[in-house]
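This briefing sets out selected features of a predicted model. The points are grouped by topic and should be read alongside the sequence and the coordinates.

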Amino acid sequence: MGGTGAERDDGAGLGRRAVRDGLADVVPGRRPRTLPVSGGGFDVPEADAFTRTYWDAAAGGRLLVRHCAACDRAHHYPREFCPHCWSEDVSWRPASGRATLYTWSVVHRNDLPPFGGRVPYAAAVVDLAEGPRMMTEVIGCEEAALRIGMELEVSFRAGIPVFRPVSPARG
Ligand SMILES: [Zn+2]
């Protein structure tokens, strides 16, 4: 990827708590935590006052990114200041929902609910058309058909943005 100020931590924030809690169950020396008794499991986001706008939009089938008015660049995961120029003049903006596949890993085993029932699945990193790189999952595509750079479009699974190949009819 070209340009300056490349983001190296995109996507790490939204799922951080779930990952941390999950690690507690598999990392030796840490006390196992109780699995959530309500809700769907580790894939359910925990919205806070800042990210609620993002998750509310996702629940309605819309993908948002943060856009900086000072440098005209977008970023993701959402932050209250621009990671490219540090301006606080950032706001939510609808994303096109288009992306290309940057990389992926097909997961064949996952003991954390509800992922175990989904294997194999393609954990992926995609480049949004607006620029930011985003961690997600590619659905609706055979493993052998996954290709770097393939055109994807956002889809929503229970309010969670995932991506699927652009249908030829609409692509
Ligand atoms: Zn900026």
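**Nonpolar core**

The largest nonpolar core of this predicted model comprises 19 residues, and those with the most contacts inside it are Leu101, Ala124, Val126, Leu128, Val138, Leu152 and Phe163. Two or more residues each are given to this core by helix 2 (52–59), strand 1, strand 4 (98–107), strand 5 (121–128), strand 6 (133–138) and strand 7 (151–157). Strand 5 supplies the largest share of the core, four residues.

- Leu152 is one of the residues with the most contacts inside the core.
- Leaving aside residues up to four places away in sequence, Leu152 touches Ala99, Thr100, Leu101, Val126 and Val138, among others.
- The contacts of Leu152 also include Phe163, Arg164, Pro165 and Val166.

**Three-stranded sheet**

- Three strands form an open sheet in the order 2-1-3, with antiparallel pairing.
- Strand 2 and strand 3 (90–94) are the edge strands, each of which pairs on one side only.
- Five bridges link strand 1 to strand 3 in the antiparallel sense.
- Two residues of strand 1 illustrate this pairing: Cys68 has Val90 of strand 3 as its bridge partner, and His67 has Ser91 of strand 3.
- Strand 1 also pairs with strand 2 in the antiparallel sense, over two bridges.
- Within strand 2, His75 is the bridge partner of Arg66.

**Burial of strand 1**

- Five of the five residues of strand 1 are buried, so this strand is largely enclosed by the rest of the structure.
- Leu64, Arg66 and Cys68 lie on one side of strand 1 and are all buried.
- Val65 and His67, on the other side, are buried as well, and both faces of strand 1 are thus covered.
- Strand 1 is also among the elements that give two or more residues to the largest nonpolar core.

**Hairpin and Asp72**

- Strand 1 and strand 2 form a hairpin with five residues between them.
- Asp72 is located in the loop between strand 1 (64–68) and strand 2 (74–75).
- Although Asp72 is not a glycine, it has a positive phi of about 60°.
- With 10 other C-beta atoms within 10 Å, Asp72 is exposed, because a residue counts as exposed at 12 or fewer.
- The C-alpha atoms of Asp72 and His84 are separated by 9.9 Å, while the two residues are 12 residues apart along the chain.

**Ala158**

- Ala158 is a second residue other than glycine with a positive phi, here near 50°.
- The position of Ala158 is in the loop between strand 7 and strand 8 (160–165).
- Ala158 is exposed, with 10 other C-beta atoms within 10 Å.

**Cis peptide bonds**

- Pro113 and Pro114 are joined by a cis peptide bond, with omega at about 5°.
- Pro114 belongs to the loop between strand 4 and strand 5.
- A cis peptide bond also joins Val119 and Pro120, with omega at about -10°.
- Pro120 likewise has its place in the loop between strand 4 and strand 5.
- The two strands that flank this loop, strand 4 and strand 5, each give two or more residues to the largest nonpolar core.

Notes
Residues numbered from 1 in each chain as written. Predicted model: local features only at pLDDT ≥ 70, side-chain atom pairs only at ≥ 80, totals over all residues. Buried ≥ 20, exposed ≤ 12 C-beta atoms within 10 Å, placed from the backbone. Pairing = 2+ DSSP bridges. Core = buried A, V, L, I, M, F, W, Y, C linked by C-beta atoms within 7 Å. Contact = placed C-beta atoms within 7 Å.
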